[in-house]
Amino acid sequence: MTPGTDTAPPIRVPGSGVIARLACGVVQPLLSRTVRRIAARHPQLFARLGPHQRTDFLIDPVDLPFALHLRPDPAALIFRAVPRDAAPRAGAVIRGRFLLLLELMDSEEDGDAAFFSRDLEVSGDTEAVVRLRNALDDVDGSIAEEAAAMFGVPGRAVLARLRRAYSHDYERKTA
Amino acid sequence: MAVITMTKLTLGPIACHWSAETRRDFYARIADEAPVDEVYLGEVICSKRAPFHEPDLPQTIARLERAGKRVIVSTLAEVMLRRERKATADLAAMDAPEIEINNAAGLYARGSRPHRIGPFMNAYNEATIAWMAGQGATHICLPAELPGEAIAIAAAAARDLGLGVEVQVFGRASLAVSARCYHARAHGRTKDNCQFVCESDPDGMPLRTRDDAPILRVNGIQTQSESYVDLLPETPRLVADGVTHLRLMPQVVDMVAVAEVFRDLLEGRLSSVTEGDARLAALCEGTEFSNGFYHGTAGYRRIARAATA
Amino acid sequence: MSLAELICPAGTPAALRTAVDAGADAVYCGFQDATNARNFPGLNFTPDELAEAVAYAHARATKVLLALNTYPPAGKVDLWRHAADTGARLGVDAFIVADMGVADYIARTHPQMRLHLSVQAAASSPEAIRYYCESFGVKRVVLPRILTIPEIRQIRGEIPCEIETFIFGNHGLMVEGRCSLTNYLTGQSTNMDGVCSPAEQVDYARHADGSMSSRLAGFTIDCFGPEEKAGYPTICKGRYTAPHRPEGYYAFEEPVSLNLSRLLPELIEAGVHAFKIEGRQRSKSYVRGVVRAFRQAVDDIRAGREANIADLVALTEGQKQTQGAFETKKWR
């Protein structure tokens, strides 16, 4: 299927309009800094991506007001927040709740299991998604912790709060 | 077209569950009319079926040999149960006719005495073929999925070792075997109480995708291709590459007429491969042909390529 | 009593370290090419990564088994020979092989190396297993997942080598090493390329009613209702129609996971030497959870304690699980 032709999943915040654009503006500097640092620390990640270093991934946390555009090209790395109505045409789309995506990134959650239970949706180039998953899985420790640690104590506190907030949210919605 | 009389046409073992009577009639006609040189007999797929037609085996062998055919008996592809182990050992103990082995249990029982290697033995490459030749193999049937360029290399290696080399050129490809009987499963039964429901599908039970595309055929524990492999256009190339035997798998079509098409090609009686293919298509109406495995692409595909010979 | 070694999957160096730390007795892995049966995108080891992995594992008394368990097509055997040479040089503890030519090469060129017979060789009778033992000096056979426990016990008494059985993970339906289903639809071979349902030819189509089709090379392998658990489009786990099954049914098997945790004591008693956990393509989180749980269970059983089976069962919670052929031959 081509991205953009699919219907919206049930739980989702708007992700367009003024609020989304403001939110993107706020998080963008943090995202750029984070991804460059992570990339510098884990160069082996790119080898596992193979030809998909130049694939555009749209990572869509359905409960956040924006989506994320990732292009894991070591020569021209892109990781940016985008309003959903201004998202680029992506080679692969990964969609799920924010906390699940966070856990998948850290291999706390098993991607296959999440996919089979329909909590995770994948469309577009399946090989690109599999490569990204395997590349992230080969990183020891927690990427989220690493990113949070870049921002010191406040960063860790924010991550802890995010995890609590979104896990409550999740439990409420699936109860 | 050139005459290629050294190449042998063979008829592979019947894969599906044909009744004893159907088999008797079939082989009588093959003996009298089919221009094939060699015929493989025996049950390869399901050991439960063997008792139905094994009693006829000696007569069938005699009948075919009287007609000038060489007869080879094939062993089971899957050997697990006591009766399967015994069946394999019993065949391996025979001095005549020749035996085609389809499971390593048969290799063990046969030791260094001469034997043929069947298509289930995974003789994919020259190293394996050399090993097998050293253990008494005289003839190798290559796996159905081996692409043409590998066939050429394997055939050259086998001929250097003095072995016959066989490739399936007609009929459904065997794609998988299992311990589970999918015919029984489809009818809510298990393998042990199957009541031989597979007999009602002499050309396999068709499976279609849920958007109605034909895809596979079920034959008991075996899964076959929906399409018939047809390597008639590739046959001159196969022969040039050193393949000595061309295998036709028995399907529910006029197999005598199918054999005649291939025989006509080998003896230069076809004006063109296209003419032969048209005759095959008329004989197998309603069934797609494929040659994807040979061309190193998806097996179900039909690659249109002019014969190179 | 058998040693009941735990043999664990490692798709990446990080997964290998995870398995070692979680208590694996041995890990199995492969190179980034067709020489092993999990030749999936982004998975497996470069020779340098394998060298580091062997050092990490050996420092913690864990063995490393290298899977060379595919079938080289004619003309490409050198790739497998070089892989074996590299593995021997890097000091792996055993090779897992299926092809007779590859086994013969290793037996002659690296006679000191231990050979395990892969499940891809489909040796399911004492005679077949003895053939590989006597021909190539095979020390252990990985049994196909098609045998009942009494059958395993019987085989154990008739063969001169150790037995390894799968206890957990993806439940292959077809006799391994004899399956060309993927090649029939995609042009990539499980036996020759190490590929099964390649991701590059997989796509998911979501429909307006919330249902989803999973397709392989354009063929619809299954279609899931909005509330139904999904599966990867593996041909042997697809739903099809047959003349008398027009509604569509799992013609081969439902998408289930093998879980033999309840049968561990019986398997040990039957003389199984090693338990294999499937899943080189799965994540570290899977490896961590499954290896830890089975480590605890095996240790408990060996110490004569009651194993906490509930934890193992929970590993596939929400997913369907089966004991497959191991429990009853009615499975067939």
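This report describes chain contacts, a nonpolar core, one helix of chain B and one residue of chain A in a predicted model.

**Confidence and chain contacts**

The predictor assigns the complex an ipTM of 0.96 and a pTM of 0.92. For chain C, the mean pLDDT is 92, and 96% of the residues reach 70 or more.

Two pairs of chains are in contact, and of these 2 pairs chains B and C share the most contacts. Chain A and chain B, by contrast, do not touch, and their nearest C-alpha atoms are 16 Å apart. The contact between chains B and C draws 59 residues from chain B and 54 residues from chain C. On the side of chain C that touches chain B, the elements giving two or more residues are helices H4, H5 and H7 together with strands S10, S11 and S12 of chain C. The residues of this side are divided by class in the table.

| Class of residue on the side of chain C that touches chain B | Number |
|---|---|
| Nonpolar | 31 residues |
| Polar | 13 residues |
| Charged | 10 residues |

**The nonpolar core and helix H10 of chain B**

The largest nonpolar core has 255 residues. Those with the most contacts inside this core are Ile140(B), Ala154(B), Leu248(B), Ala19(C) and Val27(C). Beyond its neighbours within four places in sequence, Leu248(B) is in contact with residues including Leu9(B), Leu11(B), Val36(B), Val169(B) and Phe170(B). The partners of Leu248(B) also include Met255(B), Val258(B), Ala259(B) and Phe262(B), and these four names recur among the buried residues of H10(B).

Helix H10 of chain B covers residues 255–266. Its 12 residues reach 17 Å from the first C-alpha to the last, close to the 16 Å expected at 1.5 Å a residue. Also buried in H10(B) are Glu260(B), Val261(B), Leu265(B) and Leu266(B). The buried residues of H10(B) pack against strands S1, S7 and S11 and helices H1, H9 and H11 of chain B. After H10(B) comes Gly268(B), which has a positive phi, near 75°.

**Leu45 of chain A**

Leu45(A) is placed in helix H2 of chain A, which comprises residues 44–49. Leu45(A) counts as buried because it has 22 C-beta neighbours inside 10 Å, where 20 or more are required. Outside its neighbours within four places in sequence, Leu45(A) is in contact with Ala135(A), Asp138(A) and Val139(A). The C-alpha atom of Leu45(A) is separated by 9.0 Å from that of Asp137(A), although the two residues are 92 residues apart along the chain.

Definitions and conventions: Residues are numbered from 1 along each chain as its sequence is written. Chains are lettered from A and ligands numbered from 1 in the order in which they are written. This is a predicted model: local features need pLDDT of at least 70, side-chain atom pairs count only at pLDDT 80 or more; totals for chains, interfaces and linings use all residues. The expected span of a helix is 1.5 Å times one less than its number of residues. A residue is buried if 20 or more other C-beta atoms lie within 10 Å of its own, exposed if 12 or fewer, and partly exposed in between; C-beta atoms are placed from the backbone. Two residues are in contact if their C-beta atoms, placed from the backbone, lie within 7 Å. Ala, Val, Leu, Ile, Met, Phe, Trp, Tyr, Cys and Pro count as nonpolar, Asp, Glu, Lys and Arg as charged, and the others, Gly among them, as polar. pLDDT is the predictor's confidence in each residue, from 0 to 100. A nonpolar core is a set of buried Ala, Val, Leu, Ile, Met, Phe, Trp, Tyr and Cys residues joined through C-beta atoms within 7 Å.
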